[in-house]
Amino acid sequence: MVSAPSGAGKTSLCRELIDSFPDLRQSISFATRPIRKGERDGIDYHFIDTEVFQAMVEQKQLAEWAEVHGNLYGTSLETLTDAAEGGVDILLDIDCQGAAQIKENYQRGVFVFILPPDYSELEKRLYARGTDSDEVIQRRLENAQFEIPQASWYDYLVVNDDFQSAKERLCSIVSAERCRSHRTGQLLENFTVKGDK
Ligand code: 5GP
């Protein structure tokens with residue numbers, strides 16, 4: 001699970017993570033926000049309208065969902081179930097409300113929060129991105145003040161001060177987590193001496 005305030009560089013870092021670990025699969029969220037220039041339905045998000053989203057909530061088809069910056073976003077339960085059954089690691093790029101729901105319901109998640117170096121750098125990056133109106137940027141900056149304190153309950157914090165170095169730290173987290181004994185315990189079976197129980 002990767003969360004960050006808008007503009008911290010999370011989307012680009014997640015893309016790099018997927019490129020570095022071809023067996024890691026990115027979850028494609030459902031979202032009610034308008035599609036941005038350059039985005040593709042079914043690849044960046046499944047873009048749906050609010051009524052369809054609410055029906056999914058009622059039918060319990062979402063593993064988590066939240067209202068973020070005035071729009072609804074959610075992760076399909078089927079995506080998580082399929083990944084668990086197939087033994088596939090899945091990357092969720094979701095906000096902290098959604099991450100908190102996943103933490104409560106799924107014990108095996110790893111939670112990473114990407115931080116900008118400071119607020120002024122965050123503001124600079126949001127304006128430089130040029131994808132949102134001033135009003136939307138101001139709302140995202142206000143939200144950042146509520147989101148950043150949430151970082152305290154995440155497993156890992158990565159400051160995106162230098163992109164390459166942040167990418168390396170993020171990749172190290174995935175590599176280290178994959179070596180944890182509770183995930184690799186079956187390796188020891190290769191060392192069972194014949195006749196041992
Ligand atoms: P954006 O509209 O800029 O793509 O994303 C806005 C925020 O929504 C980001 O913080 C992103 O992590 C979050 N988000 C995207 N998909 C989901 C989701 O499925 N669930 C939740 N809770 N947040 C999401």
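Visitor: Why is Lys60 called exposed?

Guide: The relative accessible area of Lys60 is 66%. Exposed means over 50%, buried under 20%, and partly exposed in between, for a 1.4 Å probe and protein chains only. Lys60 is therefore classed as exposed. The model is predicted: local features need pLDDT of at least 70, side-chain atom pairs count only at pLDDT 80 or more, and totals for chains, interfaces and linings use all residues. Residues are numbered from 1 along each chain as its sequence is written, and side-chain values use heavy atoms, with hydrogens and water left out.

Visitor: What makes the phi of Lys60 notable?

Guide: Most residues other than glycine have a negative phi. The phi of Lys60 is near 55°, a positive value, and the residue is not a glycine. Lys60 lies in the loop between helix 2 (50-58) and strand 5. Helices (H or I, at least four residues) and strands (E, at least two) are DSSP runs, numbered from the N terminus.

Visitor: Is His69 buried or exposed?

Guide: His69 is buried, because its relative accessible area is 13%. His69 also has a positive phi, of about 50°, without being a glycine, and this residue sits in the loop between strand 5 and strand 6.

Visitor: How do you know that strand 3 and strand 6 pair?

Guide: Pairing requires at least two bridges found by DSSP between the strands. Two bridges join strand 3 (residues 30-31) to strand 6 (residues 71-76), so the requirement is met; the two strands run antiparallel. Tyr73 of strand 6 is the bridge partner of Ala31.

Visitor: What makes strand 4 and strand 5 edge strands?

Guide: The open sheet has four strands in the order 4-3-6-5, with mixed pairing. Strand 4 (46-47) and strand 5 (62-68) each pair on one side only, and are the edge strands.

Visitor: Why is the pair of Lys10 and Asp93 called a salt bridge?

Guide: The term denotes a side-chain nitrogen of Lys or Arg within 4 Å of a carboxyl oxygen of Asp or Glu. For Lys10 and Asp93, the N to O distance is 2.8 Å, so the pair qualifies. Lys10 lies in helix 1 (residues 10-20) and Asp93 in the loop between strand 7 (90-91) and helix 4 (96-105), so the bridge ties together parts that are 83 residues apart in sequence. Lys10 counts as buried, at 14% relative accessibility.

Visitor: Where do Arg178 and Asp89 lie?

Guide: Their side chains meet in a salt bridge at 2.9 Å, N to O. Arg178 belongs to helix 7 (residues 163-178) and Asp89 to the loop between helix 3 and strand 7, so that the pair links parts 89 residues apart. Arg178, at 25%, is partly exposed, and Asp89, at 36%, is likewise partly exposed.

Visitor: How do you know that Lys10 makes a polar contact with the ligand?

Guide: A polar contact is a pair of N or O atoms within 3.5 Å; within protein, one must be able to donate a hydrogen and the other to accept it, and residues adjacent in sequence count only if both atoms are side-chain atoms. A polar side-chain atom of Lys10 lies 2.4 Å from a ligand oxygen, so the contact is counted. A backbone N or O atom of Gly74 lies 3.2 Å from an oxygen atom of the ligand, and a side-chain N or O atom of Asp95 is 2.7 Å from a ligand nitrogen.
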